[in-house]
Amino acid sequence: MLLLKDLPERRTLTAAVAEVFSGRVASQVTPGARFVVFDASGPVFDGGFGAAGAAGTPPGPRSRFRVASCTKSFTAAAILNLRDGGLLSLDAPVTDYVPELTPTLPTSQPEAPTLRLLLSMAGGFPTDDPWADRQESLSNEAFRAVLRAGVRFATAPGTRYEYSNLGYALLGQVIEAVSGRPYPAYVTETLLKPLGLDETGFDFAAVPVGSLAIGHRKAGDSWVTLPFSGPGAFSSIGGIVTTASDLARWAGWLCSAFSPASGEAGPLSAASRREMQRIQCAIALEQTGDLRLKGYGYGLVVEQHARFGNIVSHSGGYPGFSSHMRWNPETGFGVVAMENATYSGAWMPTSEALGLILEAASAVAAPEPAAPAAVERLADGLLRLLSQGWDDGTADAIFLENVALDIPYAERAQALATLRRKTGTVDAAGARIVATDTGAVDGGYGRFELRVPCAMGDVVAAVLCGPSEPMRVQTVTWRVE
């Protein structure tokens, strides 16, 4: 795996990344900003700009910010930890643990959302950021009273994505009901301490003097300081207070689940961490661009980028603060950032910074991985049919039984001979295999193209392999490009 030190023009790159965040302060988007870049080795590059502390001190390595909804990844990990321990089921309705909730949709037979639906933002509740961001200190008793009075469902559970803080507040109650411990205590004991995240917690009052970043909102041309809220029933939606370095270590640990070298280090298995980073509920794309697919996993957003593969992220916005963490599992590169201004949009500079790093990484020449031996065998057979003429024995060796049933061999032989007469000379030595199913097993070679140069351009065999072993072809279509 590439590391930051391996990238070309590293000093120029790191200066460009730093400029992205210093520009946020210079343009008065936020009083202060702190960022950390990490790779597979851990945090490797950081910086701070502007003012964070009460005395106007710049945000340093020990400065602690509220990271708001980045907390949801901790809540999701805690739920999976309980699931893996056999203490709860993701497919159980939340009312098994929080009976005060009364479902209202669908109207004929109302259904309570399952824990899985709440984790993936498909619980049916309406988006609630402004309201929920002011509920953190609510007591459990007061929260249960809100539930008993009734909450509104926007859709039937499981029918669509809609971001819900209420859903994650309910998950916090589930953690308390199942573990028998307060939510902050359970997350601290099972996740923070085992991972050495010693500068991460939920009580701002416990932060050492001088280390707490002060939140602000813009009022005209001035910054107005905002008070902190203390931990309570809604801490599970956004209560984490931490340093950029600790958040980078958390993000790097989640990212490492995709590296074979990571093993099972930490309090949650690599399989469960990967589960968090897979789309569980699709999100309709607002714009296409380089995005192919977008969705919510468990406490994390997953985007499939046309050039860089999957990008995993989450934003946080609270009165006084904005944060974002973002990484690319394929390369192990990631960036986290914190700003002390209300909803300032820290996702924007973080996305730009990671984009600069991934652009630099893509410029590093990596050897093209060889196609699996099974695919090489199939491609060799197809090449023989094209260049040497049809042979039923070769066809039987590479095709599944449905191929001859769908279109008889004689018909296929005639069609290929007709195509061959149109192409002119083919350059069998220049044939190449191209995987066409990004992200699939073996690098996507369950679907591939055999591209063979000819006088007219390329003869292309588009192949779909079947599910049985040994690998064989279930469909092939020929064309000339």
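Which residues does F74 touch, not counting residues up to four places away in sequence? I looked this up in a predicted model, where local features need pLDDT of at least 70, side-chain atom pairs count only at pLDDT 80 or more, and totals for chains, interfaces and linings use all residues. Residues are numbered from 1 along each chain as its sequence is written, and side-chain values use heavy atoms, with hydrogens and water left out.

**Entry 1, F74.** I found that F74 touches Y183, V187, L191, L192, L197, I240, L247 and W250, contact meaning heavy atoms within 4.5 Å.

**Entry 2, cores.** I then looked at the largest nonpolar core (buried Ala, Val, Leu, Ile, Met, Phe, Trp, Tyr and Cys residues joined through side-chain atoms within 4.5 Å; buried means under 20% relative accessible area with a 1.4 Å probe, protein chains only). Of its 78 residues, F74, L170, W250, M276, W327 and V336 touch the most other members. Helix 9 (residues 244-255) gives this core its largest share, eight residues. I also noted a second, separate core of 28 residues, which includes L383, I398, V459 and M471.

**Entry 3, helices 2 and 6.** I read that helix 2 (residues 71-84) packs on helix 6 (residues 165-179) at an angle of about 40°, with the axes 10 Å apart. Helix 2 is therefore oblique to helix 6, since angles under 35 degrees count as roughly parallel, over 145 as roughly antiparallel, 65 to 115 as roughly perpendicular and the rest as oblique. On the helix 2 side the contact is made by K72, T75, A76, A78, I79 and L82.

**Entry 4, whole protein.** I recorded that buried residues make up 50% of the 481 residues.

Note on methods. Axes fitted to C-alpha atoms, helices over the stretch in contact; angles between N-to-C directions. Helix = DSSP H or I, 4+ residues; strand = E, 2+ residues; numbered from the N terminus.
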